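Colleague: I would like a close look at one part of this model, the salt bridges. Please take them one pair at a time.

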Amino acid sequence: MVSLFKEKKNVDVLICGAGPVGLFLANELAEFEINFRIIEKVEKHPEFSKALLISPRTMDILDNRGLLHPFLEYGVKMKQFFIIKDVHNPSNPFKAELSNMNNNFSFALMNRQNKTVDYLIDALDEKKSTRKEHVSNVEFCMELIKYEEKDDHVIAVVKNTKDNIEEEIICQYLVGCDGVHSTVRKGINGWTFEGQTLTSSWALADVEIDHELVKYDQATTFLLNKGPIGALPLDARKNTFRLVAKIGDEKKKNETNDHVTHGLTNENHITLEELQKLVDERIAPIKLELKNPVWISNFKINERIVNRYRTGRVFIAGDAAHCHSPLGGQGMNLGIQDAHNLAFKLALVIRNQAADDKKLLDSYEHERYPVGKNVIKGTGYFTKILSGNDYFSSFLRTRVTPILFHFFPKTVYNFLNNLMQNNLHYLPVSSEILHKYKPRSGTKNKLIEAGHYVQDGLLTKITSHKSHERITMFDIFRSTALKHTLILFTLNKGVTADCNPLIETLLEIYNDYKNTITPIIISYQGIVHDADVPFMPFQEEVREQHIFVERKFELHEKYGVMKEFGQQAFVLVRPDLYIASAVFEDDVDELKAFLDQYLAKADK
Ligand SMILES: Cc1cc2nc3c(=O)[nH]c(=O)nc-3n(C[C@H](O)[C@H](O)[C@H](O)COP(=O)(O)OP(=O)(O)OC[C@H]3O[C@@H](n4cnc5c(N)ncnc54)[C@H](O)[C@@H]3O)c2cc1C
């Protein structure tokens with residue numbers, strides 16, 4: 001090996017690993033105009049796809065950052081779960097529609113992981129070519145070898161795998177998005193990756209299937225005592241599905257941290273013929289012919305999580321931090337959401353816009369660790385119910401599931417909502433940067449709480465040429481969410497400073513936090529004439545980006561600002577679309593005190 005330190009380069013953030021998580025983080029940092037580099041040890045990403053399912057929550061996030069378009073154009077829309085419990089009576093399945101769940105899309109997207117990676121690389125390249133000078137392209141064939149953390153920087157040693165030349169990169173922060181075998185995680189003593197390898201062994205095959213029971217808009221599952229078989233839509237144009245089948249159970253082996261096989265092993269590959277035989281035996285008299293395999297593999301399930309997400313200036317995200325059963329399709333979604341949570345925090349700290357750097361950066365672990373733990377637990381239960389061969393799992397599968405589907409569909413939808421990450425929120429008790437607010441005005445109010453995810457709804461935009469345009473709350477966040485959005489819900493109390501003193505308060509707060517907050521007013525049914533709106537310091541032409549009207553009382557209600565309660569409310573939304581604070585007008589001083597501890601004032 002040539003050990004020649006070529007050069008030292010300073011960069012704010014070094015991202016190690018250009019899988020979906022590292023690439024999403026790179027896109028985020030590019031948006032926040034943070035100076036970063038992203039290195040990837042392989043020359044080219046593999047053509048096969050591990051992840052398929054993109055959850056509605058991840059779609060929201062991609063949409064918010066203008067990244068969703070290619071996913072929608074080329075992905076397959078999976079609209080329902082179709083569960084066949086009796087192979088002799090397959091036309092009587094359990095069904096659960098994604099349109100009945102708590103999400104903004106009525107489907108989940110099925111998209112090959114290699115395509116996801118391509119789209120994110122394209123988006124980064126486009127940012128580089130059209131907009132941002134500071135944006136870096138992915139540096140392929142660059143492998144992180146080791147690193148050392150100093151007081152105010154990290155020194156990373158990176159090797160070019162083509163010529164073996166090493167380079168030192170000096171960065172303020174290092175983020176390991178380098179998968180289950182993470183070099184970043186292994187680079188610091190004390191970082192553990194505890195958990196277990198499940199005894200069940202599984203096969204997956206991306207194959208053509210032509211059968212009326214297996215459709216493109218559904219996840220078809222055969223719930224069988226010998227082990228489930230699932231067929232997930234993969235590529236409508238090529239008639240391809242991802243077939244997943246439990247092969248069997250093996251005796252438990254002792255595995256150490258270093259022996260993680262998340263997903264794919266190369267041992268004892270199942271052949272197409274063997275898989276066809278297994279499927280035929282299990283679902284007879286139904287005959288699913290498996291043809292033209294693109295990829296066949298075996299996998300075992302690992303359930304592991306790190307003991308921490310951050311050590312000083314070093315962070316980990318995605319599979320480097322957690323891995324779990326792929327049934328339920330959550331790993332990549334979870335990782336992208338890790339990156340979404342971390343990016344704006346790094347950006348605030350790097351730009352000196354945080355009131356307390358340590359508190360803000362610590363909150364990444366405080367918020368994401370419980371989510372990771374819950375996903376491992378949830379997917380673990382799901383896998384056990386689907387495939388466990390113990391009495392309890394079999395009882396749940398064969399006896400309880402039919403009762404739930406027939407008599408308690410709400411319970412089923414609640415479970416599926418969790419699986420699709422639709423109920424995901426953070427708890428103020430575990431995060432120091434979420435406002436722990438208790439309204440003085442009693443418990444009857446339903447004001448949205450800090451840590452919850454934003455709600456969408458329809459609004460009208462009053463344009464400067466006095467026409468009215470329909471707009472959604474999510475359209476607004478698309479333009480504001482690189483900063484925090486401070487929304488004043490005014491009920492019907494008006495949007496002029498004369499009739500509503502809170503307009504002045506909103507402006508005062510905005511003046512203090514100009515660099516980090518965008519103010520928005522949402523008014524109920526008020527007919528707003530342009531001349532009525534003294535929304536200084538905005539000019540007439542930009543006022544329309546700040547004042548919106550709702551004709552029905554839906555959005556106020558969704559955020560818990562109720563007519564009968566009569567109090568206006570401020571809601572502060574973070575760039576990752578979670579609520580940082582929500583207070584009634586009487587308690588605006590509490591919001592100011594919270595902001596004082598959270599964001600740096602504009603003149604700092
Ligand atoms: C069979 C299967 C099906 C799945 N289905 C789904 C699904 O439907 N939905 C879902 O959300 N998830 C699914 N997952 C999980 C999903 O694939 C992972 O969670 C996802 O790949 C994690 O992305 P990542 O970027 O964290 O890690 P990876 O995709 O592993 O990327 C890490 C990258 O880091 C690079 N790297 C590693 N070490 C270094 C180093 N030292 N220097 C530089 N680069 C380095 C690697 O080459 C790699 O490109 C599935 C997994 C499996 C196995």
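Which residue forms a salt bridge with R478, and how far apart are the closest N and O atoms?

Modeller: The model is a predicted one. In it, R478 pairs with D63, and the closest N and O atoms of this salt bridge are 3.0 Å apart. R478 belongs to helix α11 (residues 473–480) and D63 to helix α2, so the salt bridge ties together parts that lie 415 residues apart in sequence. R478 is partly exposed, its relative accessible area being 36%.

The end of α2 leads to another pair. E28 and R65 form a salt bridge with a distance of 2.5 Å between the closest N and O atoms. Because E28 sits in helix α1 and R65 in the loop between α2 (56–64) and α3 (69–74), this pair joins parts 37 residues apart in sequence. Both partners are buried: E28 has a relative accessible area of 1%, and R65 has 9%. Helix α1 (20–31) is also among the elements that give two or more residues to the shell around the ligand.

A further salt bridge links D249 with K246, with 2.9 Å between the closest N and O atoms. Here the partners differ in cover: D249 is partly exposed at a relative accessible area of 38%, whereas K246 is buried at 4%.

Beyond such pairs, K345, E367, R574 and D576 are linked in a network of salt bridges. In total, the count comes to 25 salt bridges. As for the general basis, side chains of opposite charge can pair when their charged atoms come close.

Note on methods. Residues numbered from 1 in each chain as written. Predicted model: local features only at pLDDT ≥ 70, side-chain atom pairs only at ≥ 80, totals over all residues. Heavy atoms only, no water. Helix = DSSP H or I, 4+ residues; strand = E, 2+ residues; numbered from the N terminus. Salt bridge = Lys/Arg side-chain N within 4 Å of Asp/Glu carboxyl O. Buried < 20%, exposed > 50% of the residue type's maximum accessible area, 1.4 Å probe, protein only.
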